Amino acid sequence: MIRTATRIALGTVSASMLLSGAAMAQTELTMWSHGAGNDVEIKVLNQIISDFNASQDDYKVVFESFPQGSYNDSVVAAALAGNLPCILDVDGPVLPNWVWAGYLQPLQIDESKIETFLPGTKGYWNDQLYGIGFWDAAVALFARKSDLEAWGLRMPTVDEPWTKDEFMAALDAAKESGKYEFPLDLGMNDQGEWYPYAFSPFLESFGGDIVDRTTYQTAEGALNGDAAIEFGEWWQSLFEDGYAPGPAEDPADQATGFINGKFAFQWNGNWRAVATMAEVDDVVFLPAPDFGHGNIIGAASWQYAISATCPNPEGANAFIEFALDDKYLAAFSEGMGLIPSTPTAAEMTEMYAEGGPLATFYDLSAKQAMVRPVTPGYVVQAKVFTKALADIANGADVADTLDAAVDEIDSNIENNQGYGH
Amino acid sequence: MASRLTRSNRAGWLFALPGFSLLFLFIIIPFFFAFWLSLTNQRLVSPNPAEFVGLENYRKLLSVAVVTLEPERDEAGQIERDSDGAIKYPRVRTITRNSDNPQYRGMGEWFRWHSGDNAKVVIASDVVFMKALTNTLIFALFIVPLQGGGALLLALLINQKLRGINAFRTIYFLPVVVSIVVISLLWRFIYDGDDGLLNSLLGMLSFGLFEPVDWLGRTDTALGSIIVMSAWQAVGFHMVIWLAGLQTISPTLYEAAAIEGSSRWQTFRYVTWPGLRNTAVLVLIVITMQAFALFAQINVMTNGGPLDSTQTLVFQAVERGYGKQDISGGSVISVVLFLLVLLISAVQGILTRERK
């Protein structure tokens, strides 16, 4: 009885050794992405993976995708359990947090290969490159050309954007026309990363910031200084004076509100541009207004990185380099409407090529974009900022709310021994 | 007692082992773990090793102080008033962000009252936690009579021998079976500020006189809306418990009551209610405990807003532990919550104890 069992066990072992022997030729590289549910993204990724696997004999990339909502949690849980994949994607502003936590290792990619990449696609921390994005995203002010002409408004450009007064005059004109329910839609229902991504550039244009970027040790003065309070009061007036719906806004508005003629202007991302163009013939995408310290929009989208525990970083780097080919960047853009990372890839797409309908977005990304605070503490700071902006929009006292946000950010930085700056 | 549990009872312990080990693994160990973590500065994501910080987290969570604001006076010493005649006070930040008062640093206004010309301001180092605590207590206070009473009423209605009564039982029990996340999403549409079902319904009933209310977007209606929706969701579950209790009451008692000529109210008061005593205690304690665990509705419907009017303890524990990567901060709230629920259950236990 015992002997039979041993024999079966031995047989199984030798059989499995044989099987793994066959697979030994190619080393497996595991790869995770946040894009589950986004068929186009997964399709392009699978294309890259099968091309890469076929192009050489050393490595074989094995791919798994997660829904975006739980992706970050999955990565953190995997890191705690020591099960990180070799290649993974990371949201640009979160990257410093993961590097600091020891999840990632620097990329070993030829600098010349990424020379022409948009600044927002490169994930640097302490002067080392940890992540590289296959695309970037940008936001713009959606408007109708016919309205601008009817209300006698100047067409703003990236080089000569609207000033604060011109922007408010435009909102007033929209209000007086009575054509729309609200002059402006900001997508206030989406209280996730949208808030810091879309709205912190306004604060920066007023002269404030989420955190003092010279030291990253405090938010005092940056988030509650005179410029920030001026921003906060302007922000509150948008909702109190009926220019825009507040945080209790209908979630569907961000997708269809502008198209359905509910709003004259909409602050929205390039990922909504194609759908909007299909419905609104004369839609134009205007650059962010300049509130005094430049016209700024947020930069950095998802980027690919290599985990610190990856046993085959050479293979992972080879894969990422392989994927940086213009034809793949263009394929992502064509499929998802995202901004291609390089000008040469942009030329290969219909939308972003010179004179293409979305070419403005490429210019916005190249000229206006500013990354969110590059610090491991950003993850927490973004949450605090989001709550402060929602509270101010709901009528909370501006100075007190910003003070409370500063206190929370400062105490968090202190609890983390300065986040390694 | 101890001897009966240990002596020749191997089979009993063996049968209990799977249950006990699960309880131990997922309830008891995590609790001691949380208690330990609440005394450290453990982070979710950090290269820094956790350090023991003693009761510092509790101090940060629970510190409150009262400061007095004196009215602003003009040069003549007269109290300054704004256009509505309300007295003008200096801002609280002139005290909390003043280097003369380092002990108030980082604290913010929770609420204030007026005594004479002065304003007394209660400042707390964690205002959001204080609001979450208050909201949770308010929620528990309203949900217990609403849900328990509603469930009893439904159980009494259902406990009749009528044709098709099972259909009603099923309907009332339906919300319990559906996921709370799905229910929360549906109620978000019901409460929608423009054209939600509730607003349309009220508008129709009042022939258009009713002005649409943004139920979840206003500080004075948000928590109430969540209370009503939560009561509706779980009422079916407690109805079944009441029903079980009702069916243990012997029919002979009702017959006797009928022969004595008691009215319906008298029957309920002197036959049904005493018979439901143990069920009532169970329902009371279960609803209270569930009320303190309020999370999913908040997470789906309001995220604690507007202006913290729907913050709750469990929501804050999760928000801090995972959202803000502060495991120790989440643990402190969990421990405080545990002690609170323990205390309230103990008081309820004493109050409802059978007197002999």
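Let me start with helix α15 of chain A, in what is a predicted model. All the way along, this helix is covered: 16 of the 16 residues of α15(A) are buried, so the helix is largely enclosed by the rest of the structure. Its 16 residues reach 22 Å from the first C-alpha to the last, close to the 22 Å expected at 1.5 Å a residue. Just after α15(A), G395(A) takes a positive phi of about 105°.

Let me turn to the contact between the two chains. Here 27 residues of chain A are in contact with 29 residues of chain B. Which elements of chain A give two or more residues to that side? They are α3 (68-80), α4 (95-100), α15 (378-393) and α16 (398-415). The most comes from α16(A), with seven residues. As to composition, the chain A side that touches chain B divides into 11 nonpolar, nine polar and seven charged residues.

Next, the domains. The assignment for chain A gives domain 1 as 2-136 + 301-370, and domain 2 as 139-297 + 373-420. Taken over C-alpha atoms, the centres of these two domains of chain A are separated by 31 Å. Between them, 19 residues of domain 1 of chain A are in contact with 23 residues of domain 2 of chain A. On the domain 1 side, α4, α14 (359-367) and β15 (369-370) of chain A each supply at least two residues. The largest share of that side, five residues, comes from α14(A). The residues on this domain 1 side divide into 13 nonpolar, four polar and two charged.

Please note that α4(A) appears in both lists: it gives two or more residues to the side of chain A that touches chain B, and it supplies at least two to the side of domain 1 of chain A that touches domain 2 of chain A.

For chain B, the division is into domain 1 (64-125) and domain 2 (128-325). The centres of domain 1 and domain 2 of chain B, again over C-alpha atoms, are separated by 41 Å.

I now come to a set of strands in chain A. Strand β8, residues 139-144, is mostly covered, with five of its six residues buried. What is the sense of its pairing with strand β10, residues 263-269? The two pair in the antiparallel sense, over four bridges. Within that pairing, L141(A) has W267(A) of β10(A) as its bridge partner. Strand β11, residues 283-286, is also joined to β8(A), by four bridges, and these two strands run antiparallel. There, F142(A) has F285(A) of β11(A) as its bridge partner.

Finally, two backbone details. Most residues other than glycine have a negative phi. Against that background, A300(A) has a positive phi of about 85° although it is not a glycine. A300(A) lies in the loop between β12 (297-298) and β13 (302-307) of chain A. Is A300(A) buried or exposed? The cut-off for buried is 20 or more other C-beta atoms within 10 Å; A300(A) has 27 within that distance, and is therefore buried.

The second case is Y419(A), with a positive phi of about 55° although it, too, is not a glycine. Y419(A) is found in the segment after α16 of chain A. By the cut-off just given, Y419(A) counts as buried because it has 22 C-beta neighbours inside 10 Å.

Conventions
Residues are numbered from 1 along each chain as its sequence is written. Chains are lettered from A and ligands numbered from 1 in the order in which they are written. This is a predicted model: local features need pLDDT of at least 70, side-chain atom pairs count only at pLDDT 80 or more; totals for chains, interfaces and linings use all residues. Two residues are in contact if their C-beta atoms, placed from the backbone, lie within 7 Å. Ala, Val, Leu, Ile, Met, Phe, Trp, Tyr, Cys and Pro count as nonpolar, Asp, Glu, Lys and Arg as charged, and the others, Gly among them, as polar. Domain bounds come from an automatic or database domain assignment. The expected span of a helix is 1.5 Å times one less than its number of residues. A residue is buried if 20 or more other C-beta atoms lie within 10 Å of its own, exposed if 12 or fewer, and partly exposed in between; C-beta atoms are placed from the backbone. Two strands pair if DSSP finds at least two bridges between them.
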